[in-house]
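Biologist: Please show me the model, and then let us go through its folds and charged pairs.

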Amino acid sequence: MDPRDLLAAERAETLARLAALREDFAGVVDASRDTNADDEHDPEGHTIAFERSQTGALVRQAEHHLAEVDAAVARLDAGAYGRCEVCGGPIAPARLEARPTARRCVAHA
């Protein structure tokens with residue numbers, strides 16, 4: 001598959017995941033505003049603070065991945081895509097297919 005197509009698909013998937021996570025985060029924040037429950041002592045599940053923290057971490061992870069996809073597209077545009085940033089050697093096509101944002105060859109990963 002063409003690297004540009006792989007990166008476009010990766011970007012679209014990440015944007016969709018990011019939108020869903022942001023919606024989930026907003027829902028958790030809204031839920032905490034609408035209640036005065038003491039969820040810290042609820043034996044049935046996670047606390048609202050835990051849910052907010054976990055969802056926030058997933059949002060940051062998706063944002064980071066989106067930045068990595070954009071950086072890979074920039075490398076592709078510059079003619080540096082598929083070259084290891086450490087040794088300058090080629091990154092195996094199978095690695096790029098599995099991880100289209102890879103910056104390093106397997107030896108330097």
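Modeller: Accessible areas here come from the Shrake-Rupley method with a 1.4 Å probe. This is a predicted model.

Biologist: What percentage of the area that the protein exposes do carbon and sulfur atoms supply?

Modeller: The protein exposes about 7,100 Å². Of this area, the part supplied by carbon and sulfur atoms is 53%.

Biologist: In what order do the elements of the protein run from the N terminus on?

Modeller: The protein has three helices and zero strands. From the N terminus on, the order is therefore written with helices alone. It reads α-α-α.

Biologist: Which residue forms a salt bridge with R4?

Modeller: R4 lies in helix α1 (residues 3-33), and its partner lies in helix α2 (residues 48-78), so the pair ties together parts 73 residues apart in sequence. The closest N and O atoms are 2.9 Å apart. R4 is partly exposed, at 41% relative accessible area. The partner is D77.

Biologist: Is D77 buried or exposed?

Modeller: The cut-off for exposed is over 50% relative accessible area. D77 has 54% relative accessibility, so D77 counts as exposed.

Biologist: What is the N to O distance in the salt bridge of R22 and E63?

Modeller: The side chains of R22 and E63 meet in a salt bridge. This pair links distant parts of the chain, with R22 in helix α1 and E63 in helix α2, 41 residues apart. R22 is partly exposed at 44%, and E63 is partly exposed at 33%. The N to O distance is 2.7 Å.

Terms used
Residues are numbered from 1 along each chain as its sequence is written. This is a predicted model: local features need pLDDT of at least 70, side-chain atom pairs count only at pLDDT 80 or more; totals for chains, interfaces and linings use all residues. Side-chain values use heavy atoms; hydrogens and water are left out. Helices (H or I, at least four residues) and strands (E, at least two) are DSSP runs, numbered from the N terminus. A salt bridge is a side-chain nitrogen of Lys or Arg within 4 Å of a carboxyl oxygen of Asp or Glu. Buried means under 20% relative accessible area, exposed over 50%, partly exposed in between (1.4 Å probe, protein chains only).
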